[in-house]
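Visitor: Could you take one part of this model and go over it slowly? I'd like to start in a loop and see where that leads.

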Amino acid sequence: MPTLNTNNITLYYEQHGQGPDLLLIAGFTADHTVWHRVIDDLAKQFRVTIFDNRGAGQSDSPKAAYTIDTMADDVLELMDTLNIETTFVLGHSMGGFILQSFLARYAS
């Protein structure tokens, strides 16, 4: 079970396939399995990274309040830990909000 420690929690993640990086960010209450119908096809052309946001799936559910910005910080830590310098990203529902926060604060 691949995990990483970030911002005082443990995040669960998986990587599939080879090629350019593609990061998929799930929506509210969804875990990495939300991508199960598309992961095999995407992994034919990309190295796909999926993960469970804090509060979902196999990642920690901290009792303290957290925000979309906190979850965007988790994405940055995930990318740094996995040495992902550039990536395509797809955010579903709340994952789109996380992506917007990430881009507003960290895109260069």
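**From a loop to a pocket**

Guide: Let's start at Asn7, which sits in the loop between β1 and β2 (9–16). Bear in mind that the whole model is predicted. The backbone is what catches the eye here: the phi of Asn7 is near 45 degrees, a positive value in a residue other than glycine. That is worth a second look, because most residues other than glycine have a negative phi. At 36% relative accessible area, Asn7 counts as partly exposed, so it falls between the 20% limit for buried and the 50% limit for exposed.

Now step back into the strand before that loop. Leu4 belongs to β1 (residues 3–6), and its relative accessible area of 5% makes it buried, because that is under 20%. Leaving out residues up to four places away in sequence, Leu4 touches Ile9, Thr10, Leu11, Tyr13, Leu78 and Thr81. Leu11 is also on the contact list of another residue, Asn53.

So what about Asn53? You'll find Asn53 in the loop between β4 (47–51) and α2. Asn53 is buried, because its relative accessibility is 2%. Which residues does Asn53 touch, sequence neighbours up to four places away aside? Besides Leu11, they are Ile25, Ala26, Gly27, Ser59, Met71, Met94 and Ile98. Gly57 sits in that loop between β4 and α2 as well. With the same sequence neighbours left out, Gly57 touches Asp31 and Asp52. The C-alpha atoms of Gly57 and His32 are 7.3 Å apart, with their positions 25 residues apart along the chain.

Some of the partners of Asn53 lead us to the two helices. The axes of α2 and α3 come within 8 Å and cross at roughly 70 degrees. That crossing makes α2 roughly perpendicular to α3, because angles of 65 to 115 degrees are counted that way. On the α2 side, the contact is made by Ile68, Asp69, Met71, Ala72, Asp73, Val75, Leu76 and Met79. From α3 come Met94, Phe97, Ile98, Ser101, Phe102, Arg105 and Tyr106. By type, that contact has eleven nonpolar residues, one polar and three charged. Met71, Met94 and Ile98 are part of it, and Asn53 touches them too.

Just ahead of α3 there's another backbone oddity. Ser93, in the loop between β5 (88–91) and α3, has a positive phi of about 55 degrees although it is not a glycine. Ser93 is partly exposed, because its relative accessible area is 49% and exposed means over 50%.

Last stop: the largest pocket, with a volume of about 180 Å³. Its lining is made up of Leu76, Met79, Ile84, Glu85, Thr87, Val89, Phe102, Leu103, Tyr106, Ala107 and Ser108. Two elements give two or more residues to that lining, namely α2 (68–81) and α3 (94–106). Of the elements, α3 gives the most, with three residues. In character the lining comes out as eight nonpolar residues, two polar and one charged. Leu76, Met79, Phe102 and Tyr106 are among the lining residues, and they also take part in the contact of α2 with α3.

Terms used: Residues are numbered from 1 along each chain as its sequence is written. This is a predicted model: local features need pLDDT of at least 70, side-chain atom pairs count only at pLDDT 80 or more; totals for chains, interfaces and linings use all residues. Side-chain values use heavy atoms; hydrogens and water are left out. On a 1 Å grid over the protein atoms alone, a cavity is a set of points where a 1.4 Å probe fits but cannot get out, and a pocket is an open set with protein on both sides within 12 Å along at least five of seven lines; lining residues have an atom within 4 Å of a point. Grid points are joined across faces, edges and corners, and a volume is the space filled by probe spheres set on the points. Helices (H or I, at least four residues) and strands (E, at least two) are DSSP runs, numbered from the N terminus. Ala, Val, Leu, Ile, Met, Phe, Trp, Tyr, Cys and Pro count as nonpolar, Asp, Glu, Lys and Arg as charged, and the others, Gly among them, as polar. Buried means under 20% relative accessible area, exposed over 50%, partly exposed in between (1.4 Å probe, protein chains only). Contact means heavy atoms within 4.5 Å. Axes are lines fitted to C-alpha atoms, for helices over the stretch in contact, and angles run from 0 to 180 degrees between N-to-C directions. Angles under 35 degrees count as roughly parallel, over 145 as roughly antiparallel, 65 to 115 as roughly perpendicular and the rest as oblique.
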